[in-house]
Structure formats: structure tokens, C-alpha cells
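Student: Could you walk me through this fold the way you would at the bench? I'd like to ask things as they come up.

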Amino acid sequence: MRHWRIALAAPWLAALLAAPAPATAQEGDGCAALARAALPGGDVTLAARVPAAGDLPAYCRVQGTILPRIRFELRLPETWNGKFYMAGCGGFCGQVPAESPDRFNAINHALRRGYAAAATDGGHWGTGATDARWALADPVAEADWGHRAIEEVTVAAKSLTRTFYDRDPDYAYFQGCSTGGRMANMAALRQPEAFDGIVSGAPALDYPGLVGTHFAWIAQANMDGDGAPVLEPGDAGAVAEAVVAACDADDGVADGIVSDPAACAFDPGTLDLAPEKVAVLRDWYAPPRNGAGDVLFPATVPLGSESYWPLWLTGLPGGGGALVPEAFGPGFLRYMAFPTDPPADWSIGKFDFDTDPARMAPMAAVYNSDDPDLSAFRDAGGKLLMYHGLADAIVFPGKTLDYWDELAEVTGTNFARLFMVPGMDHCGIQSTGPGIDQHGIDPLSALEAWVERGEAPDSLPTTKIVDGEALWSRPVCAHPARAAFDGTGNWREAGAWSCE
């Protein structure tokens, strides 16, 4: 039991658990006083009370900077549940996601539960999550984004929380998805005693392997002789329909979801597409390799992800999208991937699969959090809950499965759970596909029950929600178990499914 584990369930569990009344902030002008709080290596730049509005409670809004340029925001509710929450950030970060409506890489959903909640911009300002120009010839900024921003903000935000409430949090949680998932695993590695529970969603554990090598593989496979894309936005729909027709019913339910992509025996050659387009698909459904045939990254574009391709891979009808080959990959390789940045005329089409993966090794040591030795976090009593959409078309789930096998071998998994979610897009961002979106799953509540009451989750409830209406519900099972339909009940009801 760590020193801050004193009591307290969240307010919404108080009646059930008969917990003490929620803590409240110090009386007087305690919020404004935080503007004068000592912050080693940085400064508080704002401390102001924000009244309750909409579904957000009244809170103290604190903003600060940690040298040289890590910005953060901490929100301290006047009625506190006694817990601390830290969020990751997505993509290349660049902005503090304090007002994000998401459940991942966001803090307001934790604030609503009464958490003291903090977020960071990853150590730099950018125009958006795909802007990597901040990293040009700047190893300090790269280290901040790689790991230091989360470390420093965790320490600073906990210190300010202690000052405001005059005591330590009882429990501390971290939640992030994508880059935020990479940060979550990094926190378990580098700050093993900082968090009681960590949610790592769709983690981009190996940035050079994924965003460098694999994204270059995706981009080059889809280039014709002039560098133009071979697959067009309209092709994604035809491929999606064919894959669903081939593999949807394998689980006994025709719901548009490929429940087990690894077992889907789909042949792109059966499509009525030009041979050059079929060739692209064959490359996408295969792992990247060098000239000797060696696999360079243990993942493929998953079968069943095709309905989400317009945003990530092929582009949207009418323009836009294709963020993997046109934004994330080029930005990372141009500004972040190599110890010495390539010249200004360098492009993703020049990536060399025989030599460039090795050249990225020094930066892998800065960014990657795929070390499976989490024994320090385990021994400190920490709990790790990982989840990943099996239809993720940007952070391909094969790497997470590969990491889980390594974790089981090196550290063991009695302190961890992995949930592979059929049909879900990257972090549940898109709600238009067949699977659930981010609002249909709640890993944080499951983690709270595990950390605070010892209830290790064997499954998580999921619900497909469209326009506020629940269309179906079913469990997603702790890996390697899978949800199985009983064959007789109503498949739209969770009771017709069990973990096997």
C-alpha cells in the first residue's frame, strides 16, 4: 500500500461503498494562492476559479510552464474525490487538450468524476497533432515529447494538488491512447511508483518501427511511377464490402464486424480491381520487409479495418484524409526519426528499407516504450489495463499483441489485462464504422475497481451507440479469451455472449 492510499472511492460510488464524504478545497482564496506556489524548474502562469457550467463542476484552473517549454493545465475540483488523473496527448501533441470532449487524451471526463486532472502539450507548441516541425534539429524538444513532459508534469501537478487540498491523493491514474498509450507505457517504465493504475489504449509503442518504417511501407506501396496514389478513396468501400462478405459471419453473427482478423481468409485477388490496386492491398495486408525478406515490424493493416481507411489511408472523397501517408509518416521522418534530420527535399518515397530502420535506432531509445520489463511497476503494486481496436488502421494491433506476448514472458501478466476490441477504429475516434466508438467502452471504471477493490476485470462491457441510441451490447474479453455468441439468444444483448 503506497503512502497516499488512505481511503475514498469516487463520489458516484459513495453510496455503494459507504465511503467518507468527498474532500473539498481549502477555504479562502486557495486557488489564487497557487499562482505563488513554488514550482521547481518552472512557473505557474495562471490560477483562477472557474464556476460550475453545464456538466462541469466548479474548479480551480491552473496553467504552468516547465522549462524550457513544457506547458500544462491542472483542474482541481472544489469537491474532490481524493484522486489524481493524468492524461496523455495524441499524435505529435503540440497543444494542451484541456477542452477535448474525448474520453482518451483528455481531462474533462475525469474532472466530472471529481478527479484532480492534468494534461500537457508534450513539450512544444504545434498547429495540430500532425505538425512535427517543432522537432527540427531540436533534441531537447524530442526528449520532452518522448518522455520528459509526462514525468515533469506528473511531479508538478501532484505537488500543486497536494498544496491545494493539503494532502496527497489517495490514488493516481494515467490514461492515454495512441501516442498517449505510448506515454502510458512510458510512465509504467520510467515512473513505476507514480501511478496506481494505467490505461494504455492503442499504444504506439515503437514510433520508428510504426510511424517510420511501416508508414513508409504503406506510402510507397501505394505510389505509381509518378508518385501518385494507386488506391483511390472510392476503392475503400468496395474492399470493405468484400472483406465483410468473406469473414463477417465467422463468429455466427452478421453485424459487419470481422471478429478475428487473423483467421480471416480473404484474398484481394478476388476483387474486381486493377492488378496494380490488388498489388497494393497485398502489400498492406503484409508486414514491411527489407530486401532480404526480413520482417521489419510485427504488424499488418488489419482485415476488417477498411471502413476506416478514408481518414487514415486512402483519403476522403472530395479530398482530405490519408493522414498516414501524407501527414504522420512524412512529418515524423522529416523532423523526428533520425539523429540528423534529412535535407529539405527529402520525401517518404526515399525511405530505404535496407538502411533507414537502423539509422532510426538512436531515436527509438528516446521515444519507444515497448520494453516488456515492467517488473518495477508490478512490484510497486501498479495495475496496467491495455486495449486496442482490432480494426485500427493507423496503429496496427499486431504490435500490441506481439508486445503482450513479450510482457507475459519477461514480467508476467498477473498485474495486467489486454482487451482486443473487434471492429473498433483507432482509439474509437470514428463512429461511422461497424464497431463501437470511444463512448462505448469505459476502461477507467474497470481500472478503478481493480485498483481500489481488487476486482481484476475478465471482460469489459461495450455498447454500440448511434445518435444516442444503444444498438447492441456485448463483452470484450481479456486476451486471449474471445466473446462467443451462444447461437440462440438475441445477439444484440450482452447476455447472449460469453468469454471463451
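Tutor: Sure, here come some questions and answers on this predicted model.

Student: How many helices and strands are there in the protein chain?

Tutor: Keep in mind that we're reading a predicted model here. In the protein chain, the tally is 15 helices and 15 strands.

Student: Why is the chain called as compact as a globular protein of that length?

Tutor: Start with the yardstick: for 500 residues the globule rule gives 23 Å. The chain is as compact as a globular protein of that length because its radius of gyration is close to that, at 23 Å.

Student: What share of the residues count as buried?

Tutor: The cut-off you need is under 20% relative accessible area. Applied to the 500 residues of the protein chain, that gives a buried share of 58%.

Student: And what part of the exposed area do carbon and sulfur atoms supply?

Tutor: The protein chain exposes about 19100 Å². Of that area, the part from carbon and sulfur atoms is 52%.

Student: Moving on to charges, how far apart are the mean positions of the positive and negative ones?

Tutor: The chain carries 34 positive and 64 negative charges. Take the mean position of each set, and the distance between the two is 7 Å.

Student: Which residues form salt bridges with Lys277?

Tutor: One bridge goes to Glu232, at 3.4 Å from N to O. Lys277 sits in helix H8 (residues 275–284) and Glu232 in the loop between helix H6 (207–221) and helix H7 (235–247), so this pair ties together parts that are 45 residues apart in sequence. Another has its closest N and O atoms 2.9 Å apart. So the names you're after are Glu232 and Asp235.

Student: How many residues apart in sequence are the parts tied together by Asp235 and Lys277?

Tutor: Look at where each one lies: Asp235 is in helix H7 and Lys277 in helix H8. The pair therefore ties together parts whose separation in sequence is 42 residues.

Student: Are those three buried or partly exposed?

Tutor: Anything under 20% relative accessible area is buried, and the partly exposed class runs from there up to 50%. Lys277 at 14% therefore counts as buried, and Asp235 at 10% does too. Glu232 comes in at 45%, so its class is partly exposed.

Student: Which residues are linked in a network of salt bridges?

Tutor: A salt bridge needs a Lys or Arg nitrogen within 4 Å of an Asp or Glu carboxyl oxygen. In this network the residues are Lys83, Arg113, Asp442, Glu448 and Glu452.

Student: Where are Pro68 and Pro480, the prolines in cis peptide bonds?

Tutor: The bond from Leu67 to Pro68 is cis, with omega near 5 degrees, while the one joining His479 and Pro480 has omega at about 15 degrees. Pro68 is in the loop between strand E3 (59–66) and strand E4 (70–77). For Pro480, the place is the loop between strand E13 (469–477) and strand E14 (483–485).

Student: Asp166 and Ser178 have positive phi without being glycine, so are they buried or exposed?

Tutor: Phi is near 65 degrees for Asp166 and about 65 degrees for Ser178. Asp166 lies in the loop between helix H4 (139–165) and strand E8 (171–177), and Ser178 in the loop between E8 and helix H5 (179–190). With a relative accessible area of 63%, Asp166 is exposed. Ser178, at 10%, is buried.

How values were computed
Residues are numbered from 1 along each chain as its sequence is written. This is a predicted model: local features need pLDDT of at least 70, side-chain atom pairs count only at pLDDT 80 or more; totals for chains, interfaces and linings use all residues. Side-chain values use heavy atoms; hydrogens and water are left out. Helices (H or I, at least four residues) and strands (E, at least two) are DSSP runs, numbered from the N terminus. The radius of gyration is taken over C-alpha atoms; the globule rule is 2.2 Å times the number of residues to the power 0.38. Buried means under 20% relative accessible area, exposed over 50%, partly exposed in between (1.4 Å probe, protein chains only). Accessible areas come from the Shrake-Rupley method with a 1.4 Å probe; for residues, only the protein chains shown count as cover. Lys and Arg count as positive and Asp and Glu as negative; His and the chain ends are not counted. The place of a charge is taken as NZ of Lys, CZ of Arg, CG of Asp or CD of Glu. A salt bridge is a side-chain nitrogen of Lys or Arg within 4 Å of a carboxyl oxygen of Asp or Glu.
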